[in-house]
Amino acid sequence: MSNLGSLLERYGLVIVWVAVIAIFGFLRPDTFLTWSNFSSIFGSEAVLVIVTLGLIIPLTAGDFDLSIAQTLTFVSMLTAILSARMGVPLGYIIPIVLLAGAAVGLINGAITLYFRIHSLIVTLGVGTFLHGITLWMSDSQTISGVARTLMQYVIIKRIFGIPLSFYYAIVLAAIIWYVLSYTAFGQKLLFTGRGREVGRLAGIAVGRVRMAAFCASGVMGALAGILYTGTTGSANPTSGTTLLLPAFAAAFLGATCIKPGRFNAWGSVIAVYFLVTGINGLSVLGFRTFVHDLFYGGALVVAVMVSQLINGRKERAL
């Protein structure tokens with residue numbers, strides 16, 4: 001019975017996801033249960049998957065990164081400006097914007113660690129500052145005309161009808177899963193998040209680990225920004241704002257499955273597509289767009305409560 005309970009705890013979200021697919025499929029089989037609909041679900045939300053994966057790195061270390069969505073928007077705008085207005089080749093743009101993302105993470109980490117300010121406040125301020133820079137760079141306008149090569153390798157080319165962006169997200173999930181599960185850095189990250197004083201006593205350079213987590217999150221935000229630009233062929237100065245709440249909802253919901261009580265890559269991927277499937281199904285049924293906020297907000301609250309229950313039960317068991 002305990003084994004069955006453990007399996008249900010680990011894969012409960014997968015079971016609920018399948019049940020949601022079955023319900024919407026029963027209600028709208030002609031529109032929901034089509035390969036074009038599923039390929040749209042998988043391909044359209046690759047950016048959200050990458051943002052969520054970026055979030056779980058500092059979250060594992062016990063920090064928040066509220067600037068990741070604005071990092072996405074800033075990098076997307078920088079990519080569009082360099083490509084459409086300045087004609088810089090894509091091969092030069094990608095390393096430039098990745099370095100920009102890492103620099104944002106470095107700033108977040110430096111302020112948080114040196115001044116000992118909570119990461120929630122620091123990253124909120126840095127994200128707002130980035131938003132202002134993005135509006136200034138773009139003159140508050142959408143910039144289009146990005147090199148078609150980027151769109152080719154993000155949204156146009158497909159495998160089994162699904163854009164390449166989906167496969168990029170899965171590869172990144174596999175890398176983060178391996179790093180968090182099987183490397184010394186992953187274990188240091190976990191120990192840092194569970195107890196920084198204990199980590200210091202164990203010989204872990206907690207400050208360096210947290211700094212690396214912030215930088216990794218910034219790079220993931222930059223990757224999401226590149227993919228977002230390639231998905232739309234343009235950059236919108238407010239594009240990333242709407243992704244922050246869904247990403248946090250997916251990160252905490254993902255911590256309730258696969259490895260309950262821990263932020264993990266595959267749980268995050270499953271959580272993203274569970275949430276997106278729910279939104280897609282409700283849209284197919286004719287619900288209005290305000291349902292998105294209700295669904296994501298409710299999912300975040302429920303996910304945090306379930307995560308706390310799981311963590312509390314494990315602590316009592318220990």
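This dialogue goes through salt bridges, a surface patch and internal spaces in a predicted model.

Visitor: How many salt bridges does a search of the whole structure find?

Guide: A salt bridge pairs a side-chain nitrogen of Lys or Arg with a carboxyl oxygen of Asp or Glu within 4 Å. Three turn up in the whole structure.

Visitor: Which residues are linked in a network of salt bridges?

Guide: The network links D63, R196 and R210. In one pair, the side chains of R196 and D63 meet at 3.2 Å, N to O. R196 lies in helix α10 and D63 in the loop between α3 and α4, so this pair ties together parts 133 residues apart in sequence. In another pair, D63 and R210 have their closest N and O atoms 2.9 Å apart. That pair also links distant parts of the chain, since R210 is in helix α11, 147 residues from D63.

Visitor: Are D63 and R210 buried or exposed?

Guide: Buried means under 20% relative accessible area. D63 has 3%, so D63 is buried, and R210 is buried as well. R196, at 26%, is partly exposed.

Visitor: Where do R200 and E197 lie?

Guide: Both are in helix α10, three residues apart, which is about one turn of the helix. Their side chains meet in a salt bridge of 2.8 Å, N to O. R200 is partly exposed at 44% relative accessibility, while E197 is exposed at 54%.

Visitor: Which residues make the nonpolar surface patch?

Guide: A patch takes residues with over 30% relative accessible area and no salt bridge. Here Y114, F115, I117, L120 and I121 make a nonpolar patch of about 550 Å². Helices α5 and α6 each supply at least two of the patch residues. F115 is in α5; its relative accessibility is 54%, so F115 counts as exposed.

Visitor: What is the volume of the largest cavity, and which residues line it?

Guide: A cavity holds points where a probe fits but cannot get out. One cavity of 30 Å³ or more is counted, and the largest has a volume of about 70 Å³. Its lining consists of I176, W177, L180, S181, K259, R262, F263, N264 and A265. Helix α8 gives the most to that lining, with four residues. By class, the lining has five nonpolar, two polar and two charged residues.

Visitor: How much space lies in the second largest pocket?

Guide: A pocket, by contrast, is an open set of points. The second largest pocket holds about 360 Å³. Of its 15 lining residues, E45, T242, L243, P246 and Y296 are the closest to its centre. Helices α3, α11 and α14 each supply at least two residues of this lining.

Conventions:
Residues numbered from 1 in each chain as written. Predicted model: local features only at pLDDT ≥ 70, side-chain atom pairs only at ≥ 80, totals over all residues. Heavy atoms only, no water. 1 Å grid on protein atoms, 1.4 Å probe; cavity = no way out; pocket = protein on both sides within 12 Å on 5 of 7 lines; lining within 4 Å. Points joined across faces, edges and corners; volume = space filled by probe spheres on them. Nonpolar A, V, L, I, M, F, W, Y, C, P; charged D, E, K, R; others polar. Patch = residues over 30% accessible without salt bridge, like charges linked within 9 Å, V, L, I, M, F, W, Y side chains within 5 Å. Areas by Shrake-Rupley, 256 points an atom, 1.4 Å probe, with all protein chains shown as cover. Buried < 20%, exposed > 50% of the residue type's maximum accessible area, 1.4 Å probe, protein only.
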